[in-house]
Amino acid sequence: MQSIPRIAIVGAGPVGTLLAIMLARAGCEICLLERRADPRHSPAESGRSINLALAARGLAALEGAGLLERLRPEMVEMRGRQLHDLDGQGPLLPYGQRPQEVIQAISRARLNIALIEAAAELPAIRMVFGRRCLDVEPLLGRVQWQDEGNGATGVETGELVIAADGAGSALRQALANRGALQAREELLAHDYKEFLIPARPGGAWALAPHALHIWPRGDFMLIALPNPDGSFTATLFLAAQGDLGFAALATPAAAHAFFAAQLPDALPCCRISRRSLPAIHRASSARSTAGPGRPGV
Ligand SMILES: Cc1cc2nc3c(=O)[nH]c(=O)nc-3n(C[C@H](O)[C@H](O)[C@H](O)COP(=O)(O)OP(=O)(O)OC[C@H]3O[C@@H](n4cnc5c(N)ncnc54)[C@H](O)[C@@H]3O)c2cc1C
C-alpha cells in the first residue's frame, strides 16, 4: 500500500493555506503551523492589512482550489487605475483592452479567513495557530516551534517542509544560519499605513467605484481599493523619515496639513479625516520604535 506523504507547511497566509488545500486534495497529509492567532476567532489586524488586487494568476489559483465562486461576493471589479492629480483631476487608465480584462479587489483578511475556513473543511489538514517556527533541520524534516501563548517548545516533522512564512521568512533565515543557502534582505525606506474611507450615507460609494484610485506623488502615494459595502480601504505609502515621511506627521495637525497640501481631494472625500489621521500618526510612532524597516517584497 502506498504511504500518504506528510507535509509540514509553515505560515497560514494566502500562499501556505492555498497550498495546504491543493496538496490535501492531491492526497497529502498536512500540518499547517501559523504564528498568529486563528483569524476566524480573533479581531482583524487593523492598520496594515491592505486590500489585495487579484489579477488572472491569483484568480486562476483560487479557481484551481475550487474557491473562486465562494469568494466572488467578497470581490469588487476594478476596470482601471483612476489617477488623482494635485487638482483632483486625472484619467482612468484601463487595465485591459477588452471590457472583461479587469482585476478584482478583495480584503486580505477576508481572503485569508475564507481560505482557512476551506482548509478546516478538509480532514487531511491539521492547523495549529499561535505557534512560531524558529528553526528547521532540513535533512531530518524537523521544524522547531514555540507556542506564542505559554512559551512551550516542540518539534513538527514532515517528509517535506514548505516555508510559506512571508517576506521575512524565519525558515529562510534558519537555512542561511545553517549554511544551506545565502540570503540577503534589503529593507525599504518606505512604510505604509492602512485606513478606511467609509461609504457615504445610505451605502453609496465613497469614490468612483470599479477603479483602483491612485494619488501618485513621486516619492510617495496614496491608493484606495473598493469594498463591497461602498467603502474603500486606503493605504498611504510614505518614507519613514524625512520632511515628507511618517516621522514628520507627529501630530494630527501635521498630518492634516500634509493631506491638505499633498492629497487635497482625498481629504474631503474621506470625511473621516479627524478620526483616521491620528491613526496615521500612530503608524509613525510604531515605526520609529520598531527599528529597521520591513523587508522588501
Ligand atoms: C504593501 C503591500 C501591498 C501588496 N499588494 C498586493 C496586491 O495588491 N496584490 C497581490 O497579489 N499581492 C500584493 N502584495 C503581495 C502579497 O501581500 C504577498 O505576495 C502575499 O501576502 C504573500 O503571501 P504569503 O502567504 O507568502 O505571505 P504572508 O501573507 O506574509 O503570510 C505569511 C504567514 O506566515 C506567518 N508566519 C511568519 N513567520 C512565521 C513563523 N516564524 N512561524 C509561523 N508562521 C509564521 C505569518 O503570520 C503569516 O500568516 C502586497 C504586499 C505588500 C507589502
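## Around the ligand

A residue counts as near the ligand if its C-beta atom, placed from the backbone, lies within 6 Å of it. In this predicted model, 23 residues surround the ligand. The closest are Gly11, Gly13, Val15, Arg35 and Gly166.

Which elements give two or more residues to this shell? They are helix 1 (14-25), strand 3 (51-54) and strand 9. Helix 1 provides the largest share, with 3 residues. By residue class, the shell holds 13 nonpolar, 5 polar and 5 charged residues.

## The chain as a whole

The chain has 297 residues, and 33% of them count as buried. It contains 8 helices and 16 strands.

Many contacts span long stretches of sequence. Take the contacts between residues at least 6 apart in sequence: 67% of them join residues at least 24 apart.

## A sheet of three strands

Strand 9 has already appeared in the ligand shell. It also belongs to an open sheet of 3 strands, in the order 9-10-11. The pairing in this sheet is antiparallel. Strand 9 (131-137) and strand 11 (153-157) stand at the edges. Each has a single partner strand, so one side of each is left without a neighbour in the sheet. Neighbouring strands here are turned by 30° against each other on average, direction ignored.

Strand 10 covers residues 142-147. It pairs with strand 11 over 5 bridges, in the antiparallel sense. One residue pair can be named: glutamine 146 has threonine 153, in strand 11, as its bridge partner.

## A sheet of six strands

Another open sheet has 6 strands, in the order 6-5-14-15-16-13. Its pairing is mixed. Which strands lie at its edges? Strand 6 (92-94) and strand 13 (190-197) do, and each pairs on one side only. The twist averages 20° from one strand to the next.

Strand 5 (residues 80-83) shows both kinds of pairing. With strand 6 it pairs in the antiparallel sense, over 3 bridges. There, glycine 80 stands opposite proline 94 of strand 6. With strand 14, strand 5 pairs in the parallel sense, again over 3 bridges. In that pairing, glutamine 82 has histidine 213 of strand 14 as its bridge partner.

Strand 14 (residues 212-216) then runs antiparallel to strand 15 (residues 221-226), and 4 bridges join them. Proline 216 is matched with methionine 221, its bridge partner in strand 15.

## Strand 7, covered on both faces

Strand 7 spans residues 103-107, and 5 of its 5 residues are buried. Are its faces covered or open? Both are covered. Ile103, Ala105 and Ser107 lie on one side, Gln104 and Ile106 on the other, and all are buried.

Strand 7 has antiparallel pairings with strand 3 and strand 4. Strand 3, which also gives residues to the ligand shell, is joined to strand 7 by 4 bridges. Strand 4 (residues 76-78) pairs with strand 7 over 3 bridges. Glutamine 104 takes part in each case. Leucine 54 stands opposite this glutamine, and so does glutamate 77.

## Helix 6, with two sides

Helix 6 runs over residues 252-262. Ala255, Phe258 and Phe259 are buried in this helix. Why do these three belong together? They cover an arc of only 95° around the axis, which puts them on the same side of helix 6. Ala253 and Ala261, on the other side, are exposed.

## Glycine 66 in a loop

Glycine 66 is found in the loop between helix 2 (56-64) and helix 3 (68-71). Is glycine 66 buried or exposed? It has 12 C-beta neighbours inside 10 Å, so it counts as exposed. The cut-off is 12 or fewer for an exposed residue.

Methionine 22 is 44 residues away from glycine 66 in sequence. In space, the two are 9.4 Å apart, C-alpha to C-alpha. Methionine 22 falls within the range of helix 1 (14-25).

Terms used
Residues are numbered from 1 along each chain as its sequence is written. This is a predicted model: local features need pLDDT of at least 70, side-chain atom pairs count only at pLDDT 80 or more; totals for chains, interfaces and linings use all residues. Two strands pair if DSSP finds at least two bridges between them. Axes are lines fitted to C-alpha atoms, for helices over the stretch in contact, and angles run from 0 to 180 degrees between N-to-C directions. Ala, Val, Leu, Ile, Met, Phe, Trp, Tyr, Cys and Pro count as nonpolar, Asp, Glu, Lys and Arg as charged, and the others, Gly among them, as polar. A residue is buried if 20 or more other C-beta atoms lie within 10 Å of its own, exposed if 12 or fewer, and partly exposed in between; C-beta atoms are placed from the backbone. The arc is that of the directions from the helix axis to the C-beta atoms. Two residues are in contact if their C-beta atoms, placed from the backbone, lie within 7 Å.
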